[in-house]
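Work through these exercises with the sequence and the model open. Try each task before you read its solution.

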2 protein chains.
Amino acid sequence: MKIRSQYLQATKSYADHTPEATASILDCSLGVNPYGPPEKALEAIRAFDLGRLGDYPHTHAAHDAIIRYWREFADLSRNNILLSDGSVSALYLINALFANPGAEVLGFMPSFTDMIVNVGMQGMRYTGVAPADADYRENVDAMLDAMNMDTALVYIDNPNNPTGQLLPKEDLLRVLERAKELGVYVLIDEAYGDFVDQSDSALCYQSRFDNLIVLRTFSKGFGLAGLRAGYLVTTPELTGYMNKSSNPYTMNELTREAVASAMSAAGYTSSHGADFARTKQALRENTGHALKLLVTDDRVPICTLKHRETVDLQALLYNEGILTVSGAEFDCMDESCVRLRVPAAGQTERLLQAVRKVDQPA
Amino acid sequence: MKIRSQYLQATKSYADHTPEATASILDCSLGVNPYGPPEKALEAIRAFDLGRLGDYPHTHAAHDAIIRYWREFADLSRNNILLSDGSVSALYLINALFANPGAEVLGFMPSFTDMIVNVGMQGMRYTGVAPADADYRENVDAMLDAMNMDTALVYIDNPNNPTGQLLPKEDLLRVLERAKELGVYVLIDEAYGDFVDQSDSALCYQSRFDNLIVLRTFSKGFGLAGLRAGYLVTTPELTGYMNKSSNPYTMNELTREAVASAMSAAGYTSSHGADFARTKQALRENTGHALKLLVTDDRVPICTLKHRETVDLQALLYNEGILTVSGAEFDCMDESCVRLRVPAAGQTERLLQAVRKVDQPA
C-alpha cells in the first residue's frame, strides 16, 4: 500500500454524518444563512455574459470588491488576497504550507471539525486547548501557556463553531502579540464573521501583524453556500507561497461577479442579527429543565444546546422534526450536545415547540 | 521559518509566465476550446433556480450525467466519481494521497508542468522518462523499465500536453498491466481527452484495472474553463480516501447543472476536430524551413512547434501577434519550442501569416 497511512484511519466530518433533511424535517444543521443571498448577487448572475465562460477565470471583480469592502478597516492590495472555492479549500492550502511532518497546530476545543481532521491528514498534530468552563468558553490563558516557538500555526475559528461565541478583541490581541513574539502564524477563521460587525474582524489588525491570516467565506452571512466561494487575507509573501500549491484558477468567473455584487449590498449580512437574537432569547426562555443554551453571541445563527443527561440529543430533536449536528462530531463534546443553526423567523415557532418537548423535566 | 522548505524554492507554472493577451494579439496560449461551450450548458445556467444557492451543493445531476455519458464504455456508480473545482484540484488531491516523503511519481517528459511542480511541493520526487525521439514521442519501453514496486504513482497526460500526441491503446494497456503486477496506481489525465473519441479513453478499462485513476475536465472540449469543473473516476475505495482530504462540497450547484447539460450535447466535443485537423495540416504546409510541427493527433487543438535554431520562439511569434506558451515552461523542452493551441477556423489565416513569417529561411 503506497497510500499515506493517515488516509487509512477513520475520520469524522459532520458533512458526512448528519442525517439527510427531508420535507417533514426543519433543517437546522448546516451553517448557512437561512435568509439566503442578497438580491444583488442574483442580479449579477442574471446579468453575467455567458460568453466569458470559455476562458479561464482571470478578471479581478472579486479581489477589487474585497479591497473596497474592507477599506475602512484594512489597507489591502490584490496580492494580500487569495480566492478559494469555499473557504475550506483555503484552510487546507494553509495547512499544506505548514505541514512539516509532526508539526503542531494549536487551537481551542471545540473547533471546526474538518480543520482538525485535515491537520491530521497532512501529517501534523492538533493540540486542543481545553475549554475554560462548562459553557466551552475559550481559555486564552491556557492557549498562551501552550504556545511556544515550535508551534507552527495557531487556529481560532471566530465566532466559534459550534458555540457561536465571539472571542473578545483584547483576547485576540493577546494571542496575536504573543504569537508574533514567538514567530508563530495565527489563522483566524471568520467563517461566521459576516454575522457580526466588520469592526469585530481580525482584519482590523492586518497592518500590525505579519503573522496573521484571516479566512472569510461567502457561504454563511452572504448566503451563497451553493456557489463555493471564500478568500484569505495575509501578507503577499504568504499568498505567494500558497499560490504555488493552489489551483491557479480558483473561484469561477461567474462567481467572482456574484460575490462582488453581494459585497456591495451594504449591511445585508448583519441585517438578520436581530432575528437570530430574538430566536436565541426565545430558546433560552423555552429551555432550562433538561436543556441549556450555552454562552453564544446572539447575532450569530449557530449555538450549542446541551442536555443535562447522557442522551443522544440529536436523535431526540430529530424525532421532533429538527435536524441538528451532533456534539459527538466535535472534539471534547459528546452526543448530549448539538450544534443548532437557528431558522428564519417564520420557522421559529416550529423549532421552539420541538425544543419545549425535549426540554420537559423527566 | 515554519513553512515547508519546498515552498521556498522557485517553481514554474505556465499560468504565471505567459504574457497577457491583448486585443491586438491572437491568444493561442491556454488550452481551451476556441469555440466555447455548447449552447445546452448555457441554457441550463439561464434556467437554474437561483434560490438553490443558499444551501451547500448536494444534488447529483453531475454524477448521474457522468454515469450516463460513459455507460457504453464503463459501468460507473456515484462512488466511483469525485467532482472537483477544475481537474487540477483533483490532481493535487491524488498527489496528497500518495505523498509519503520522497515517494516517486513516474511520468513521461514533457508533461503537464503543474503536475510535476505539485509532486515536488508535496515532498515527492518526479522521475521523468526521456522521450523516444526528436518529436518527443513517449517512450513506453523506458517507462516499463523504470517502473518498480517502489513507484507510488504513474502519471500520463493523454493526449499529451504540450504535444497533443495520443498514446496508442496497446501501449496504455502495457503500462496498466505492468503497473497492476507491481501494485502501482496509474493516473491517466485526460484533460484533452474530450477532443478525441470516448473509445480512446482509459475509462474503457475501468472494470479491468483497480489501479486506474482517470481525470477529466470540462475546461477543454466542453469549453467551460470559466466554470472550473472536473472529475476523477477510480475505485470506491480510493474516492473514499480522497474524500477525507477533499473540500466536502466540490463543484458548485449551478455548475453541476451546467456540466450535466453540456454532457447531453451529443458529439459537441468532437465536432470541431475536423477544423483543428485542417488547421494543423495547414501548419504543416506552411512550415518546413525554420519551423517544424511535431507529431500530434490532429483532432486535438494543442501542438508543439519547434524552431531549428536556438531562438526564443514564443517571443518571435508574439512579435507577429500570436500568443503561445514557451517550451521553456516544460521539462526537457527549451525556448526554441512553443505549445500552440489552434484558434477557431475564422482566425486560421491570421495564425498562418504569422507562422509563415517566422518560418522564413534565415
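**Exercise 1: A buried arginine**

Task: Find out which side chain of opposite charge is nearest to Arg339(B), and how far away it is.

Solution. This is a predicted model. Start with the charge partner. Arg339(B) is buried but has no salt bridge. The nearest side chain of opposite charge belongs to Asp157(B), 7.9 Å away. A salt bridge needs the nitrogen and the carboxyl oxygen within 4 Å, so this pair does not count. Next, place the residue. Arg339(B) sits in strand β13 of chain B, residues 337–341. Last, look for another partner. The side chain of Arg339(B) makes a polar contact of 3.0 Å with the side chain of Asn161(B).

**Exercise 2: A salt bridge across the sequence**

Task: State which parts of chain B are tied together by Glu253(B) and Arg52(B).

Solution. Check the distance first. The closest N and O atoms of Glu253(B) and Arg52(B) are 2.9 Å apart, and the two form a salt bridge. Now locate both ends. Glu253(B) lies in helix α9 of chain B, and Arg52(B) lies in the loop between α2 and α3, so the pair ties together parts 201 residues apart in sequence. Then compare exposure. Glu253(B) is buried, because its relative accessible area is 1%. Arg52(B) has 25% and is partly exposed.

Now widen the view to the helix. In α9(B), residues 253–263, 9 of the 11 residues are buried. Among them are Leu254(B), Val259(B) and Met263(B). The cover over the buried residues includes α2 of chain A, as well as α2, α3 and β2 of chain B. Finish at the N-terminal end. Asn252(B) caps α9(B) there, with a side-chain oxygen 3.0 Å from the backbone nitrogen of Leu254(B).

**Exercise 3: One turn of a helix**

Task: Describe how Arg178(A) and Glu181(A) are placed in helix α7 of chain A.

Solution. Count along the helix. The two residues are 3 apart, about one turn. Residues three or four places apart point the same way, because an α-helix has 3.6 residues a turn. Check the pair. Arg178(A) and Glu181(A) form a salt bridge, with the closest N and O atoms 2.8 Å apart. Arg178(A) is partly exposed at 31% relative accessible area. Glu181(A) is exposed at 60%.

Move to Ala179(A), also in helix α7, residues 169–182. Ala179(A) counts as buried, because its relative accessibility is 0%. Beyond its neighbours within four places in sequence, Ala179(A) is in contact with Met147(A), Val184(A), Val186(A) and Asn211(A).

**Exercise 4: Where the chains meet**

Task: Work out how many residues of chain A are in contact with chain B, and what kinds they are.

Solution. Count first. 65 residues of chain A are in contact with 65 residues of chain B. Take the area next. The chains bury about 5,200 Å² between them, 58% of it on carbon and sulfur atoms. In chain A, Lys2(A), Tyr7(A) and Tyr56(A) lose the most area to chain B, together 16% of what that side buries. Then look for links. The rule finds 0 salt bridges across this interface. Residue pairs in polar contact number 42, both residues being at pLDDT 80 or more. Now ask which element of chain A gives the most. It is α4(A), with 6 residues. Sort by class to finish. The side of chain A that touches chain B has 36 nonpolar, 18 polar and 11 charged residues.

Methods
Residues are numbered from 1 along each chain as its sequence is written. Chains are lettered from A and ligands numbered from 1 in the order in which they are written. This is a predicted model: local features need pLDDT of at least 70, side-chain atom pairs count only at pLDDT 80 or more; totals for chains, interfaces and linings use all residues. Side-chain values use heavy atoms; hydrogens and water are left out. Contact means heavy atoms within 4.5 Å. Buried area is the accessible area (1.4 Å probe) that two parts lose on being put together, summed over both. A polar contact is a pair of N or O atoms within 3.5 Å; within protein, one must be able to donate a hydrogen and the other to accept it, and residues adjacent in sequence count only if both atoms are side-chain atoms. Helices (H or I, at least four residues) and strands (E, at least two) are DSSP runs, numbered from the N terminus. Ala, Val, Leu, Ile, Met, Phe, Trp, Tyr, Cys and Pro count as nonpolar, Asp, Glu, Lys and Arg as charged, and the others, Gly among them, as polar. Buried means under 20% relative accessible area, exposed over 50%, partly exposed in between (1.4 Å probe, protein chains only). Lys and Arg count as positive and Asp and Glu as negative; His and the chain ends are not counted.
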